[in-house]
Amino acid sequence: MTLNKKQRKFANEYIKNKCNAYQAAIVAGYSKAYAKNASKKLGENVGVQQYIQQKVGKVEKDESDEVDAVLKNIYRIGAGKPIERHYVSIDNLKKESWDDNDSLDARSDYMEDVTTVTPASTKEQVAAAELWLKLHGDLKNDSGEIEQQKVRKLRAEADLAEERARTAKSSGSDVAEQFDKMFARLKEPSDQ
């Protein structure tokens, strides 16, 4: 997969320009006449294709690694395992003694970087465990009864909308009579 400078530039520009081969070829230094055919010639070039796939694969792997790290942290927090926390401790008494001097030396005298390794608070653990279970598919927010009520409500809203449409179409009949019929049907127990 040996690419010359122009081919490498083309491949990079192709990725940047949202797969616009013509623009990528022009930016890479190819003539406009050649750029018109660039999508076919350079797009079929095995070396260019492999280079683009390599770049895309690297980004996918990096993103996947970041997601893995986030998931590990969620699991560790939810399981109550110790996690590393970084924060800045400020001694306000020392800070006041510096009298508006905001230099680096002044800050280093009253600010201290602190790292602790402790389990998260109970609230954070519960939130992380809940998130983990949702991601894992083991936790649903609603009971079966609540789900049934939601479905019933959606059906009633659909029935109401259909009845409104029918009422609007039948302009010759009494509107009040139509609404009375509609509400009577909605009050009937649903067999579904």
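The following exchange examines how several descriptions of this predicted model are justified.

Reader: What makes up the secondary structure of the protein chain, and in which order do the elements run?

Author: The protein chain holds 10 helices and 2 strands. Starting at the N terminus, the order is α-α-α-α-α-β-α-α-β-α-α-α.

Reader: How do you know that the span of helix α8 agrees with its number of residues?

Author: Helix α8 covers residues 122–136, which is 15 residues, and at 1.5 Å a residue the expected span is 21 Å. The C-alpha atoms at its ends are 21 Å apart, so the two values agree. Just after α8, Gly137 adopts a positive phi of about 85°.

Reader: Why is the contact between Arg85 and Glu124 called a salt bridge?

Author: The rule asks for a side-chain nitrogen of Lys or Arg within 4 Å of a carboxyl oxygen of Asp or Glu. For Arg85 and Glu124 the closest N and O atoms are 2.6 Å apart, and the pair therefore satisfies the 4 Å cut-off. This pair links distant parts of the chain, with Arg85 in strand β1 and Glu124 in helix α8, 39 residues apart. By this rule the count comes to 7 salt bridges.

Reader: Are Arg85 and Glu124 to be called buried, partly exposed or exposed, and why?

Author: Buried requires a relative accessible area under 20% and exposed requires one over 50%, with partly exposed in between. Arg85 has 28% relative accessibility, so Arg85 counts as partly exposed. Glu124 has 36% and therefore counts as partly exposed.

Reader: What makes Lys134 and Glu130 a salt bridge, and how are they placed in helix α8?

Author: The closest N and O atoms of Lys134 and Glu130 are 3.6 Å apart, so the pair meets the requirement of within 4 Å. The two residues are 4 residues apart in helix α8, which means that about one helical turn separates them. With a relative accessible area of 38%, Lys134 is partly exposed. Glu130, with 36%, is partly exposed.

Reader: Why does the pair of Glu157 and Lys153 count as a salt bridge?

Author: Here the closest N and O atoms are 3.9 Å apart; the cut-off is within 4 Å, and the pair therefore counts. Glu157 and Lys153 lie 4 residues apart in helix α9 (residues 144–169), so they are separated by about one helical turn. Glu157 has a relative accessible area of 42% and is partly exposed, whereas Lys153, at 54%, counts as exposed because exposed means over 50%. Elsewhere, salt bridges that share partners join Lys9, Glu13 and Lys16 into one network.

Reader: What makes the nonpolar surface patch, and how do you know that Val88 is accessible enough to belong to it?

Author: Val88, Ile90 and Met111 make the patch, which is about 220 Å². Val88 is found in strand β1 (residues 83–90) and is partly exposed at 41% relative accessibility. Patch residues need over 30% relative accessible area, so the value for Val88 passes this cut-off.

Reader: What share of the protein chain is called buried, and how much accessible surface does the chain have?

Author: Of the 192 residues in the protein chain, 15% are buried, that is, under 20% relative accessible area. The accessible surface comes to about 15,000 Å², and 52% of that surface belongs to carbon and sulfur atoms. Among contacts with a separation of 6 or more, 53% are between residues 24 or more positions apart.

How values were computed
Residues numbered from 1 in each chain as written. Predicted model: local features only at pLDDT ≥ 70, side-chain atom pairs only at ≥ 80, totals over all residues. Heavy atoms only, no water. Expected span 1.5 Å × (residues − 1). Buried < 20%, exposed > 50% of the residue type's maximum accessible area, 1.4 Å probe, protein only. Contact = heavy atoms within 4.5 Å. Areas by Shrake-Rupley, 256 points an atom, 1.4 Å probe, with all protein chains shown as cover. Patch = residues over 30% accessible without salt bridge, like charges linked within 9 Å, V, L, I, M, F, W, Y side chains within 5 Å.
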